[in-house]
Number of protein chains: 2
Amino acid sequence: MAMAYNFHIIENCLKCAFREQRLFCDLPNDALIKLQNIKATSVYPKGALLCLEGQPPRGIFVLCTGRAKLTTTSAEGKSIILRIAEPGEVLGLTAAVSNTPYEATIETLEPSQANFISQHDFVGFVQEYPDVGLKVARQLTHNCKCAYGEIRSIGLSNSVPEKIAKLVLRWAEQPLPRKNPQELPIRVTLTQEEIAQFVGTSRETVSRVLSEFRRRGWLRIKGATWTILNKHALEDLVTT
Amino acid sequence: MAMAYNFHIIENCLKCAFREQRLFCDLPNDALIKLQNIKATSVYPKGALLCLEGQPPRGIFVLCTGRAKLTTTSAEGKSIILRIAEPGEVLGLTAAVSNTPYEATIETLEPSQANFISQHDFVGFVQEYPDVGLKVARQLTHNCKCAYGEIRSIGLSNSVPEKIAKLVLRWAEQPLPRKNPQELPIRVTLTQEEIAQFVGTSRETVSRVLSEFRRRGWLRIKGATWTILNKHALEDLVTT
DNA sequence: GGAGAGGTGTGATGGCCGTCACATCCCTCT
DNA sequence: AGAGGGATGTGACGGCCATCACACCTCTCC
């Protein structure tokens, strides 16, 4: 996989190009220098596990590059996706703040870079810089909102097609560059199995629903690139 | 309702008997004095609405006495309970911190007292006292955990009986004083309709499941007082 | 005390979707 | 190139539960 070679590591938080757009990293210089000192940068391949649900908190992760999947698993091995974390998010916060076991298992969906901060350093960092506390609160509200959205999606939708349409439309908010105004291309890196875990259904049902969407000419699927051909139809399904 | 007469209002946060047990109120004296100045105490009857989902945030509420129900509603009027807030919780935080519309509609389940703090005062309060930021983070992590628990409950359970058993067992963690060691009495103030909204099912199904629990001799229901007669059987249902 | 509203119990029916089963397709690795 | 594992498509079947419908019960409020 050539990926490893053109993967760019961000070593220095102060010079990070994304610094200002990112929730947690847009800090005053003195705080950022401290961050630079206490962080440990790591690079993970796709499918790496950053932490495991139920384990005592070791610290937090600032996701610099790549996306990660947060899942929780039941006793009988069934699991559900809580959310997909985007670059810039801080992971493991709930556990670190309340000093309780990790709520979710975090798995990278792509080759990723993350800065780890130990529990001890993190607590000191928060206490020393008031700005950091605010960022922490922001990230936590984001987590809450995602969770509430998930509850709405799972609990209030009537049918699986509706939930899947909802999910696809959410992904369509960040589309790929479009060539044809009628067509809305998006990139989907989740497997059908993962989509099933996201909407709380079975893999087979996802397959069937997507077939149906294609049959009706609403969607085209070619590998990881999906093209929404009839956004309106999908929206009608949701408004139900 | 005689309730109105023996309802005790807590006027002074500094002298509040619960001060130390409560997440948000266990603050240094100077912060508490400030809190005392910016808060507006109100008393609400049962069924009062503190805020409405989708409205711009006006401020936060510290729930001093009573419990409240947080719900979110879909376009077609179906609604689901996000959680039941207990005395001492801070409500409306997600909205206030991120300055976005309220995520939920908050309705009192009992006659309640709440201290309101306006958006403006709250922001100042957080910035002035670092301790407050920490408390805010704690409350937010609590919200997250509740939400994740709800997602697990709705998304990972197979059957409605399982979800209801889970709910009943959660309530059983704070039982009423028990007379008979075999019997575990709990107080349930939710209607079957509300229970249905909590577990994402229909009212009729809740009724049927509870009937079944009674028929098997696992549960006795007399008004708002339920008695768990066979905790083990309920737990077996959940372990599935 | 009677009306009316809100909460609850229960039958009948039908459809969605979970589960099992298997075929196919598409990678990746040797 | 062939093997093998993972991802996907699709049929058959059956059960759970949403929905409709209605009776009854229990409050509250004139």
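What follows looks at how chains A and B pair up and at the protein surface beside DNA strand D. This is a predicted model, in which local features need pLDDT of at least 70 and side-chain atom pairs count only at pLDDT 80 or more, while totals for chains, interfaces and linings use all residues. Residues are numbered from 1 along each chain as its sequence is written, with chains lettered from A and ligands numbered from 1 in the order in which they are written.

The two chains meet through 33 residues of chain A and 33 residues of chain B (contact: C-beta atoms, placed from the backbone, within 7 Å). On the chain A side, strand E5 (79–85), helix H3 (93–98) and helix H5 (130–156) each bring in two or more residues (helices are DSSP runs of H or I with at least four residues, strands are E runs with at least two, numbered from the N terminus). H5(A) gives the most, with 19 residues. By class, this side of chain A holds 15 nonpolar, 11 polar and 7 charged residues (nonpolar: Ala, Val, Leu, Ile, Met, Phe, Trp, Tyr, Cys and Pro; charged: Asp, Glu, Lys and Arg; polar: the others, Gly among them).

Chain A lands on chain B after a rotation of 180° with 0.0 Å of shift along the axis, at an RMSD of 0.0 Å (least squares on C-alpha atoms of residues with pLDDT of at least 70 in both). The two copies are thus related as by a two-fold rotation axis. Both use the same surface, as 100% of the contact residues of chain A recur in chain B.

Turning to the DNA, 14 residues surround strand D, and the closest are Thr191(A), Gln192(A), Ser211(A), Ser202(B) and Thr205(B) (near: C-beta atom, placed from the backbone, within 6 Å). Helices H7 (192–199) and H8 (203–215) of chain A and helix H8 (203–215) of chain B each supply at least two residues here, and H8(A) gives the most, with 5 residues. This surface has 2 nonpolar, 8 polar and 4 charged residues.
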